[in-house]
Amino acid sequence: MKEVSKIASFTVDHTKITPGIYISRIDGDIVTYDMRTRKPNDGDYMDNLTMHSLEHMFATYIRSSDIGNSVIYFGPMGCQTGFYLLVKDVQSETVLKNVKSVLRRIILHEGPMFGESEVECGNYRNLSVDAAKIEAARFLEVLENSNITFEYPS
């Protein structure tokens, strides 16, 4: 039986991570971005409604963005402090530009939540456009007021 090895995300010092966007790993031409909306282990976690709502809105808008055809995956971290965005063949600055644009689109969104029906979602009653807008605004402010290097703090 093969020995179990530590996965890359467990090798990052979570006591030093602050909200921002980081390159978590590179696998060939696929880059995993750590979109950290909250400071880890700080007691301020996204509740399920917020996390689920932003996931629906962001996933829909990012797949409709200029880099939509390059998006492999977008989804929440189990620790409730952010999201992973996997993108193929796109420069980091272009990803950042599109992430900010998507957050702005969420903030300005008018109309119903994307995927808010029993047919489209496994927990469709647990969604809120307002919760997504609040979290998008919070994260956009971080990205607009930070020096983004895409590198984890050392």
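**View 1. Phenylalanine 114, a partly exposed ring, and its partner tyrosine 61.** In this predicted model, phenylalanine 114 has a relative accessible area of 24%, so the residue counts as partly exposed. Its partner, tyrosine 61, is buried, with a relative accessible area of 9%. The two rings form an edge-to-face aromatic pair, with 5.1 Å from centre to centre and 85° between the planes. Look for tyrosine 61 in helix H1 (residues 48–63) and for phenylalanine 114 in the loop between helix H2 (92–108) and H3; the pair therefore ties together parts that are 53 residues apart in sequence.

**View 2. Tyrosine 33 and phenylalanine 150, an edge-to-face pair.** This is another of the five aromatic pairs counted here. The ring centres of tyrosine 33 and phenylalanine 150 are 6.2 Å apart, and the planes meet at 70°. Distant parts of the chain are linked by this pair: tyrosine 33 sits in strand S2 (residues 30–36), while phenylalanine 150 belongs to the segment after helix H3 (129–144), 117 residues apart. Tyrosine 33 has 0% relative accessibility and so counts as buried. Phenylalanine 150 is buried too, with a relative accessible area of 7%.

**View 3. An aromatic cluster of Phe58, Phe74 and Phe83.** Here you can follow three rings together: Phe58, Phe74 and Phe83 make up one aromatic cluster. As you turn from ring to ring, keep in mind that a pair of aromatic rings is described by the distance of the centres and the angle of the planes.

Note on methods. Residues numbered from 1 in each chain as written. Predicted model: local features only at pLDDT ≥ 70, side-chain atom pairs only at ≥ 80, totals over all residues. Heavy atoms only, no water. Phe/Tyr/Trp six-rings, centres within 6.5 Å; stacked < 30°, edge-to-face > 60°. Helix = DSSP H or I, 4+ residues; strand = E, 2+ residues; numbered from the N terminus. Buried < 20%, exposed > 50% of the residue type's maximum accessible area, 1.4 Å probe, protein only.
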